[in-house]
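Please open the model in your viewer with the chains coloured separately, and keep the selection panel at hand. The tour moves from the contacts between chains to single helices, strands and side-chain pairs.

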There are 4 protein chains.
Amino acid sequence: MAGNSFGDIFKISTFGESHGKAIGVIIDGCPSLIDIDEDFIQSELDKRKPGQSKITTQRKESDTAQILSGVFEGKSTGTPIAIVIPNEDQRSKDYSHIQDKFRPSHADYTYQMKYGVRDYRGGGRSSARETAARVAAGAIAKLFLKQRGIEIFAHVSGVGKLEAPNLDSNNLQDLLERREQNIVRCADPASAAEMVTFIDEVRKNGDTVGGRISCIIRNVPVGLGEPVFDKLHADLAKAMMSINAVHGFEYGSGFAGSEMFGSEHNDIFVNQQEQVKTLTNFSGGIQGGISNGMDITFKTAFKPVATIMRDQATINEEGESTTISGKGRHDPCVVPRAVIIVEAMAALVIADHLLKHEAYHNA
Amino acid sequence: MAGNSFGDIFKISTFGESHGKAIGVIIDGCPSLIDIDEDFIQSELDKRKPGQSKITTQRKESDTAQILSGVFEGKSTGTPIAIVIPNEDQRSKDYSHIQDKFRPSHADYTYQMKYGVRDYRGGGRSSARETAARVAAGAIAKLFLKQRGIEIFAHVSGVGKLEAPNLDSNNLQDLLERREQNIVRCADPASAAEMVTFIDEVRKNGDTVGGRISCIIRNVPVGLGEPVFDKLHADLAKAMMSINAVHGFEYGSGFAGSEMFGSEHNDIFVNQQEQVKTLTNFSGGIQGGISNGMDITFKTAFKPVATIMRDQATINEEGESTTISGKGRHDPCVVPRAVIIVEAMAALVIADHLLKHEAYHNA
Amino acid sequence: MAGNSFGDIFKISTFGESHGKAIGVIIDGCPSLIDIDEDFIQSELDKRKPGQSKITTQRKESDTAQILSGVFEGKSTGTPIAIVIPNEDQRSKDYSHIQDKFRPSHADYTYQMKYGVRDYRGGGRSSARETAARVAAGAIAKLFLKQRGIEIFAHVSGVGKLEAPNLDSNNLQDLLERREQNIVRCADPASAAEMVTFIDEVRKNGDTVGGRISCIIRNVPVGLGEPVFDKLHADLAKAMMSINAVHGFEYGSGFAGSEMFGSEHNDIFVNQQEQVKTLTNFSGGIQGGISNGMDITFKTAFKPVATIMRDQATINEEGESTTISGKGRHDPCVVPRAVIIVEAMAALVIADHLLKHEAYHNA
Amino acid sequence: MAGNSFGDIFKISTFGESHGKAIGVIIDGCPSLIDIDEDFIQSELDKRKPGQSKITTQRKESDTAQILSGVFEGKSTGTPIAIVIPNEDQRSKDYSHIQDKFRPSHADYTYQMKYGVRDYRGGGRSSARETAARVAAGAIAKLFLKQRGIEIFAHVSGVGKLEAPNLDSNNLQDLLERREQNIVRCADPASAAEMVTFIDEVRKNGDTVGGRISCIIRNVPVGLGEPVFDKLHADLAKAMMSINAVHGFEYGSGFAGSEMFGSEHNDIFVNQQEQVKTLTNFSGGIQGGISNGMDITFKTAFKPVATIMRDQATINEEGESTTISGKGRHDPCVVPRAVIIVEAMAALVIADHLLKHEAYHNA
């Protein structure tokens, strides 16, 4: 109800603010006897953490995950897995310059109006720090999906007006390696280089810029997703739109598909070595809301980060005009760190729908 | 869990297939003492029903809503409102030509694999007929929101590569009237004329085409939406993506916003006659997942209808190659009838978040 | 949220008031390919319907179930099964004598205060008529459980201070037959005869009396139930306490168990022909909230029906003292008709937990 | 779904096993601006913690609650309140004597069968240690209810065959003080003395005994509870039955009421100084599932603790006969420590229904 949980069977509940003692997550509904590799969880968190490179915020947080429950002798027990990530780097700064001002395109104003109170030292629950908890939970989901052979790969496919060409490989492991070889997390090396240069320039201008992340999910069994409200792509859309700064979502042919004719867009079924496939994949691996065994593909659009290193006009809590000045070290572009969040949320959606499907399928 | 319900507090559950006795919906959680105007409900259904014009399917169904419960002396009682819409026009046709074939880009294949059974006489729950139940429920939500002064307006903003210009009026009632003066439901008369001609041409070619619907929600109080997973726009995204044929969703600046700089994109707060407003509205009325009082704006992309009046290659249940031929009368473009579905789903999201917000707000 | 739904995976949602057009239920989450025997559903409803015998209300309703969706060629399709039961016998009576009075120990007063409106022609949703919808849904659950070999048997074990002896048979089919041979639905013939005489006497006195129903569930696999809040017996308790007039629930040793010593109460595990059994069953087939394969046993207590054929003091909506006089034909004791409701709710709990367990178990 | 959460709007999710690093709880949905008194939370935990007196287990755990999030400057912020209670006293004992044996009337066997794995060092989630998390959450609920003037009082009303007389006072504060003056937590001093003597004797015999707890909730507004499945007493029943060892629940007249006549049992409405009251309260403050403003009263029955200090026959994981010997220090009777758990769960039910009711009531 208060929207801090996600999923029905494989369900997560996150907690914590950027300036409290810790953030964390409960993963409830992970089947028992899944191998829980703590190093993998940490390596996922490391891909999201601040201070990774010159194009991310320089703030330092080690983001160390601590498992409090639900794992016994390296395996899940079927009971809630609680993970806590202590907050560090909470210097007792002076916040008086922003305490009663509403930062433009932040959640300060809406928070104040909704709750009648807000922790002015940070964004509260709207801080992107909350997503670290999602990444930890997503890592557990990935470990579960791995046992089923399901792979998830996301990368930065666009920054500002720069757009990477379509991927030239079908091998998600190769693409993953290529992606990790650059700091912007784009699997196309040439585009990656351009993007890095561009973001660095934006950063030097005290500005920020938006971007796009594309995702592929492979080896999803046929049958995941429910036909009406809980269509697989509807739940992916909600998952992605729930990530801070996301303003758009499309799957398969997406917005471009709405310009096409049916005769172009229909995916023709064929029998390839006793497997049902489609010749094209404008459906993005989902038909009638249910996975059809083809690759699931989608894209998300991130708006530019709201905190810029420039003076901006705004109002304060009394409604008086004032000015706010950027301070501290913030991300000039959010997508390099958000790639792993997109993967985490995708993993959570697939894990939940997998269990949901099997609940009925085995009946 | 099986995904036939939507909403938490203002919750609907739909049922029924295109070829059963009836479809319908339970609206559970509508507050008591709301005026239930049955004529309004019917007028909403009439905007969705087939056979309206030359650019929709010629199939005839009167789609008459019958309220079975939850209303007493013209007012809601606070108990479940059940609405049933009998299925008509179920001629005992010969379905043998499609009984064991998988229609391209339909849900036949995924249904068969998911459930091990499907009603081959229609699309089962994946039939767009299910959306009539949503429209009836949406009408109830609109009646509730009307008592709060909240207005919802959607129209067709694009068909194929045709795109209507930005709306030139701020008066939603005016726009609504303009929209209803043409059969494509676009509030820009010149674009509407072009769209009608284009769709009619597509229809004559035995083809179909996609389109786009834009929506504005006005007078939403500040504070609706939850900051983490149940962001207001995340729930709008899920609602829209759950509508048949929708492949994309964006709100506020959307995909275009991901190409912008923060310095352009930030919405500056100002005090206008003791009301907090923003100079621009790239945030689409939602900041940190919570409504800020500005207009909520979003757009959805619909793929072309899968049923085309042409022969297409496919396979049958045995995996053998075969051909399927379009028959019957189908929509060449789904957006004119979908406008009212978009409004219905938007109304349901806002009604649910309104009650959710007030549950805590009054505490 | 508004509490008209029950279950998570095998979920039902009921609607309808005693004086509306119809009552009904959606069963959402029934697996596909279950044989749906409509005659069985009707025979279950016939066990609950009014007018069965001299010790039930003489009101006549045929309670004919109509399936609107979710069944194709005699089998469930995995989509929502909607069942409607039209209301009959709604004579346009004169209700002016009770319109603004609060009947003692009825829900009139609490309804008026909660909703600000109530349909004074009947009890609204608090009418026991709502339970017909539960019986129809329970029949579907029983058909599902039957395919798994799970049996449910309830009977009247007490009326007023009369208490039937412990059952002398282990064969649930035999007991069922014995139960159906008398109008009070007690499987002990001698007790049944006493109960019938007693209830008839109570009826002649214009009074009503309470009673108790005991239930056995057999062949439940080991592992159903969740260890913390959703213990199997906790969900059974909620299910039973949600039935009109139920004031108490106990399972296994129940209240008597709270008077025992651990050394008496512990159920000793033994290996009987490679099956784990316990020598006693004070645990009522559930340990740590999870079924252990032994018979699940519980008992429910029903208060006397509130409507009596005598004058009673009360107040009206203005708070003025007044008198209310019993009219019409009401049940002198609710348990004979409630036996089938207890079974229905038990079936729903077991069906839901079975699917829940399998969702994880198969992972 | 996996049943580690309770409540819909005021919702808690617990985690942790007795032998992991910590247990804890997230309280999600507590309104903002509630005073969060950490000393009160600790004082509640102290009433549940082991080692309090000679009639409880001598195991020592300080049960210190740490708030990680959701509280700012002493007030709730409306975001999830996470509380962690580290596990102490986890000596690396030798568990080899029970590692593969199923303790009688414990959850060892059902756990092993359900999950295929269990932490043999303790009861996993079935350990009563989990209830410490409930007490912490219940303390938050009580702080919220206190702002509304709602009071909750429970005490031990029976141990074995000993039964305390009805309470002789209407002042819950007085009763609370009297209850805390003895180690068995019974508000009747004479009965308390007998109970203490009796439990101590049972303990010396290496045995355990069951008991009963009665609860009163005062100043609940009229209108809480939903009329069908989520009746206020149905949710109280589920809450109580979810507490370890509870085998029975009754409210108002309870099982005794099922022996009464309607003419005795009906609660007559009267107008007392412009307040609607009933002359008797067999309804236990709830009519039609909805609170009527009178005191809410209920009773729960606890079976005897399963761990006894005697040798018992059982089987091991291979199904072989074996013997298990009681070790360690366990509670001879669970009710003195369970009083605070009953109050906590009651507070959670009332808080959730209060918010639920207001969600609609304010519409």
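A salt bridge, as the term is used here, is a side-chain nitrogen of Lys or Arg within 4 Å of a carboxyl oxygen of Asp or Glu. The model is a predicted one, and by this rule eight salt bridges cross the interface of chain D and chain C.

**Chains D and C**

Select chain D together with chain C, where the contact takes in 104 residues of chain D and 105 residues of chain C. About 8200 Å² is buried between these two chains, with 62% of that area on carbon and sulfur atoms. One of the salt bridges to display is that of K114(D) with E226(C), whose closest N and O atoms are 3.4 Å apart. Polar contacts between chain D and chain C come to 45 residue pairs, and the side of chain D that touches chain C is made up of 45 nonpolar, 38 polar and 21 charged residues.

Next, pick residues 246–251 in both chains, since strand β11 of chain C and strand β11 of chain D pair there in the antiparallel sense, over three bridges. To find the register, start from G248(C), whose bridge partner in β11(D) is E250(D).

**Chains D and B**

Now hide chain C and show chain B beside chain D. Here the contact involves twelve residues from chain D and twelve residues from chain B, and the area buried between them is about 1000 Å², 70% of it from carbon and sulfur atoms. How many salt bridges does the rule find across the interface of chain D and chain B? The count is zero, while two residue pairs are in polar contact. Helix α9 of chain D (residues 335–361) gives the most to the side of chain D that touches chain B, contributing four residues. That side consists of eight nonpolar, two polar and two charged residues.

**Chain A: a covered helix and a hairpin**

Move to chain A and select residues 108–115, which form helix α2; seven of its eight residues are buried. The buried set comprises D108(A), Y109(A), T110(A), Y111(A), Q112(A), K114(A) and Y115(A). Add chain B to the view to see what they pack against: among the elements of chain B in question are strands β12 (269–272) and β13 (275–278), and helix α9 (335–361). Just after α2(A), G116(A) takes a positive phi of about 75 degrees.

Staying in chain A, select strand β12 (residues 269–272) and strand β13 (residues 275–278), which pair in the antiparallel sense over four bridges. F269(A) has T278(A) as its bridge partner in β13(A). The two strands form a hairpin with two residues between them, and Q273(A), in the turn, has a positive phi of about 45 degrees.

**Chain B: R48(B) and a pair within α3**

Centre on R48(B), which lies in helix α1 (residues 38–48) of chain B. Is this residue buried or exposed? R48(B) counts as buried because its relative accessibility is 3%, under the 20% limit. Its side chain makes a polar contact of 3.3 Å with the side chain of D63(B), and another, of 3.1 Å, joins R48(B) to the side chain of T131(B). Beyond its sequence neighbours, the residues in contact with R48(B) include A128(B), V135(B), R337(B) and I341(B).

From there, go to helix α3 (residues 130–146) of chain B, where E130(B) and R134(B) lie four residues apart, about one turn of the helix. Their side chains meet in a salt bridge of 2.9 Å, N to O. E130(B) is buried at 3% relative accessibility, and R134(B) is buried at 0%.

**Salt bridges in chains C and D**

Bring back chain C and select D168(C) with R178(C), a salt bridge whose closest N and O atoms are 2.8 Å apart. D168(C) sits in the loop between β9 (162–163) and α4 (172–180), whereas R178(C) belongs to helix α4, ten residues away. D168(C) is exposed, with a relative accessible area of 61%, and R178(C) counts as partly exposed at 22%.

For the last stop, select E44(D) and K142(D), whose side chains meet in a salt bridge of 2.6 Å, N to O. This pair links helix α1 (residues 38–48) to helix α3 (residues 130–146) of chain D across 98 residues of sequence. E44(D) is buried at 4% relative accessibility, and K142(D) is buried as well, with a relative accessible area of 12%.

Technical notes. Residues are numbered from 1 along each chain as its sequence is written. Chains are lettered from A and ligands numbered from 1 in the order in which they are written. This is a predicted model: local features need pLDDT of at least 70, side-chain atom pairs count only at pLDDT 80 or more; totals for chains, interfaces and linings use all residues. Side-chain values use heavy atoms; hydrogens and water are left out. Contact means heavy atoms within 4.5 Å. Buried area is the accessible area (1.4 Å probe) that two parts lose on being put together, summed over both. A polar contact is a pair of N or O atoms within 3.5 Å; within protein, one must be able to donate a hydrogen and the other to accept it, and residues adjacent in sequence count only if both atoms are side-chain atoms. Ala, Val, Leu, Ile, Met, Phe, Trp, Tyr, Cys and Pro count as nonpolar, Asp, Glu, Lys and Arg as charged, and the others, Gly among them, as polar. Buried means under 20% relative accessible area, exposed over 50%, partly exposed in between (1.4 Å probe, protein chains only). Two strands pair if DSSP finds at least two bridges between them. Lists of a residue's contacts leave out its neighbours within four places in sequence.
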